[in-house]
Amino acid sequence: MDVWKGVLPEPEVRTVEDMREVLAYPACEQQGPLYYMYRDLALTDEDHAILREGGIRYDITIITPGSVCGEFIKTKGHYHPESPGGLQYPEIYEVLSGKGHFLLQSQDLTDVVLHPATTGDKILIPPGFGHVTINPGEDPLVMANIVSRNFESDYSFFRAYRGAAYYETDDGQFLKNPLYTRVADLRFLEAVDHPEVGVVREVPLYDLIRDPLIPDLMNLPEAFTHIWENCLRD
Ligand SMILES: O=P(O)(O)OC[C@H]1O[C@](O)(CO)[C@@H](O)[C@@H]1O
């Protein structure tokens, strides 16, 4: 992988079979791996200690291009649980190469946002938003994330509702998931910088592991309500 100069552990792999319960076309007979997750990466032991002490993790995920019976390949989708301060844990993503469509849906389904993103773009997942990443491009989508290491993702809603509120098909259309009876229309929003917390295009996400603000942003989201309130503004 060109974008990562460090050691790569064995990835966790999701296959068509693992994804069946969230697919637009669950009877699809295709098989094989769809995406690869390299979790808890660090370039040096010192960096790994910084990540551990800050209670955060740096991961890289590679989503292969293509479709599963006509639906673009995507991640499974999950929500994050509540942090001790009462807000759900947030997350930060960066596109390292390729194109991504980051679909974010609020817990009460009154807001569903799609952020198209390309190399360098950063995406904030605010507390309370479930998220799925779709690869709508012809190349692998390589993306990194920083997230708290103090929780496990919650897949129960996406399992019960067979995926996110919208499926993206390989002709570029968004199909409303019929199990969502009441849900907001999809809003398209450009990925923007968040200079107040140092999350900007010119600074690679990996460099932020040394910024003392980032562990707080990820683990004490209640101290950053001004960021969450504004990050999905039109
Ligand atoms: O857990 P899912 O929905 O398959 O999504 C995978 C993504 O989530 C993460 O676990 C972080 O939230 C990443 O490692 C990976 O990109």
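User: How do I tell that two strands belong together, and where does V113 fit in?

Analyst: Two strands pair if DSSP finds at least two bridges between them. In this predicted model, V113 stands opposite R187 in strand 14. The strand on the other side of that link is strand 8, residues 112-117, and three bridges join strand 8 to strand 14. These two strands run parallel.

User: Which sheet holds strand 14, and in what order do its strands lie?

Analyst: Read a sheet from one edge to the other. Here the order is 10-7-8-14, an open sheet of four strands with mixed pairing. Strand 10 (129-134) and strand 14 (186-188) stand at the edges; each has a single partner strand, so one side of each has no neighbour in the sheet. From one strand to the next, the twist averages 25°.

User: What is the order of the strands in the open sheet of six?

Analyst: Follow it as 1-2-3-11-6-9, with antiparallel pairing. Its edge strands are strand 1 (12-15) and strand 9 (122-125), each pairing on one side only. Neighbouring strands of this sheet are turned by 20° against each other on average, direction ignored.

User: How many bridges join strand 1 to strand 2?

Analyst: Four bridges do so, and strand 2 covers residues 33-38. The two strands run antiparallel. For a pair to find on your screen, look for E12, which stands opposite M37 in strand 2.

User: Which residues are closest to the ligand?

Analyst: Start with the shell, then ask which elements supply it. Here 13 residues surround the ligand, and the closest are D59, T61, T75, K76 and H78. Strand 3 (56-63) and strand 11 (141-148) are the elements that give two or more residues to this shell. Both strands also appear in the order of the six-stranded sheet. By class, the shell has two nonpolar, six polar and five charged residues.

User: Now the whole chain: how many helices and strands are there?

Analyst: The chain has five helices and 14 strands. Its C-alpha trace spans about 45 × 35 × 30 Å along the principal axes.

User: What would the radius of gyration of a compact globule be, and what does the chain have?

Analyst: Compare the chain with the value expected from its length. For 234 residues, a compact globule would have a radius of gyration near 17 Å, and the chain agrees because it has 17 Å. Of those 234 residues, 38% count as buried.

User: What share of the contacts link residues 24 or more positions apart?

Analyst: Such residues account for 73% of the contacts in the chain with a separation of 6 or more.

Terms used: Residues numbered from 1 in each chain as written. Predicted model: local features only at pLDDT ≥ 70, side-chain atom pairs only at ≥ 80, totals over all residues. Axes fitted to C-alpha atoms, helices over the stretch in contact; angles between N-to-C directions. Rg over C-alpha atoms; globule rule 2.2 N^0.38 Å. Buried ≥ 20, exposed ≤ 12 C-beta atoms within 10 Å, placed from the backbone. Contact = placed C-beta atoms within 7 Å. Near = placed C-beta within 6 Å. Nonpolar A, V, L, I, M, F, W, Y, C, P; charged D, E, K, R; others polar.
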